[in-house]
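Subject: Structure for your review

Dear colleague,

Please find below the structure that I am handing over to you. My findings follow directly after it.

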Amino acid sequence: LQDFTLLEYYCAYWNYEDNMNFTEALIKHVLADVNGGPILKYGETEIDFGQDWERVSFRDLIFRDAGIDINVCKDKESLVSAIKEKNIVIDADINALGRGNLIDQLYKKVSRPSIINPTFVIKHPTDLSPLARMNDDNPLIVDRFQLVVNGWEIINAYSELVDPIDQRE
């Protein structure tokens, strides 16, 4: 939109976990000052920002909501097969999407709309996040988070990919 409100910050030497902690504290502080408390009403929906915000992996969300394990579906073909087996209709041409974009469309269809209270979605697949830093313990995921509230992604952040060899690959 042409008119919007934005809070933006950067901090050297922080990773995505530091950013999640600060983001939660910042938004709670802003809501206390602007709203007078942690509860927001959006239409008939009540959103509670006051509790500790859940942190859930991308894989766990999709598995919970669709019964599809994206870690088992290692290529596009097996993922397409699993989606069809579950009778899930993706609102895009699944044949034109790569595995990463297909996973993202699946998440947007089955998981994101059901998230009401602030939730950090973490551990995104590497093929969905090419510019984020790979996780030290698991090269299949990246150090990234999205903050989702009432079905809307309101923040997307990640640890920067700073290794030039990794960037080239």
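In this predicted model, G50 is partly exposed, with a relative accessible area of 40%. That value falls in between the cut-offs of under 20% for buried and over 50% for exposed, which is why G50 is assigned to neither of those two classes. G50 sits in the loop that joins strand 2 (45-48) to strand 3 (54-57). If residues up to four places away in sequence are not counted, G50 touches K28 and P38. The C-alpha atoms of G50 and N101 are 33 Å apart in space, with the two positions 51 residues apart in sequence.

Y42 offers a further case of sequence separation set against distance in space. Y42 and N150 are 108 residues apart in sequence, and their C-alpha atoms are 8.8 Å apart. Y42 belongs to strand 1 (residues 39-42) and is exposed, its relative accessible area being 53%. Not counting residues up to four places away in sequence, Y42 touches I47 and N150.

Is N19 buried or exposed? Its relative accessibility is 13%, so N19 counts as buried, the cut-off being under 20%. N19 is located in helix 1 (residues 16-35). Its contacts, leaving aside neighbours within four places in sequence, are Y9, W14 and F145.

Overall organisation

The chain contains five helices and six strands. Along the sequence these elements follow the pattern α-β-β-β-α-α-α-β-β-β-α. Along its principal axes, the C-alpha trace spans about 50 × 45 × 35 Å. For 169 residues, a compact globule would have a radius of gyration near 15 Å; the chain has 17 Å, which agrees. Of the 169 residues, 38% are buried. Among the contacts in the chain with a separation of 6 or more, 53% are between residues 24 or more positions apart.

Helix packing

Two helix pairs deserve your attention, and helix 4 takes part in each of them.

The first pair is helix 2 (residues 58-66) with helix 4 (residues 99-110), whose axes come within 10 Å and cross at roughly 55°. The two helices are therefore oblique to each other. Their crossing is left-handed. On the side of helix 2, the contact is made by F58, L61, I62, D65 and A66, and on the side of helix 4 by I103, D104, L106, Y107 and V110. By class, the residues of this contact are eight nonpolar, no polar and two charged.

The second pair is helix 3 (residues 76-85) with helix 4, packed at an angle of about 25° with their axes 9 Å apart. Helix 3 is therefore roughly parallel to helix 4, since angles under 35 degrees count as such. Here, too, the crossing is left-handed. Helix 3 contributes K76, L79, V80 and I83 to the contact, and helix 4 contributes R99, L102, I103 and L106. These residues divide into six nonpolar, no polar and two charged. I103 and L106 of helix 4 appear in the contact with helix 2 and also in the contact with helix 3.

Backbone angles

Most residues other than glycine have a negative phi. Which positive values of phi are worth recording here? One is that of Y13, which is not a glycine and has a positive phi of about 75°. Y13 is found in the segment before helix 1, and at 84% relative accessibility it counts as exposed. Another is that of N87, also a residue other than glycine, with a phi near 55°. N87 lies in the loop between helix 3 and helix 4. With a relative accessible area of 66%, N87 is exposed.

In summary, helix 4 packs obliquely against helix 2 and roughly parallel to helix 3. As for the individual residues, N19 is buried, G50 is partly exposed, and Y42 is exposed. The two residues with positive phi described above, Y13 and N87, are exposed as well.

Yours sincerely

Conventions. Residues numbered from 1 in each chain as written. Predicted model: local features only at pLDDT ≥ 70, side-chain atom pairs only at ≥ 80, totals over all residues. Heavy atoms only, no water. Axes fitted to C-alpha atoms, helices over the stretch in contact; angles between N-to-C directions. Helix = DSSP H or I, 4+ residues; strand = E, 2+ residues; numbered from the N terminus. Parallel < 35°, antiparallel > 145°, perpendicular 65-115°, else oblique. Left-handed = near helix turned anticlockwise from the far one by under 90°. Contact = heavy atoms within 4.5 Å. Nonpolar A, V, L, I, M, F, W, Y, C, P; charged D, E, K, R; others polar. Rg over C-alpha atoms; globule rule 2.2 N^0.38 Å. Buried < 20%, exposed > 50% of the residue type's maximum accessible area, 1.4 Å probe, protein only.
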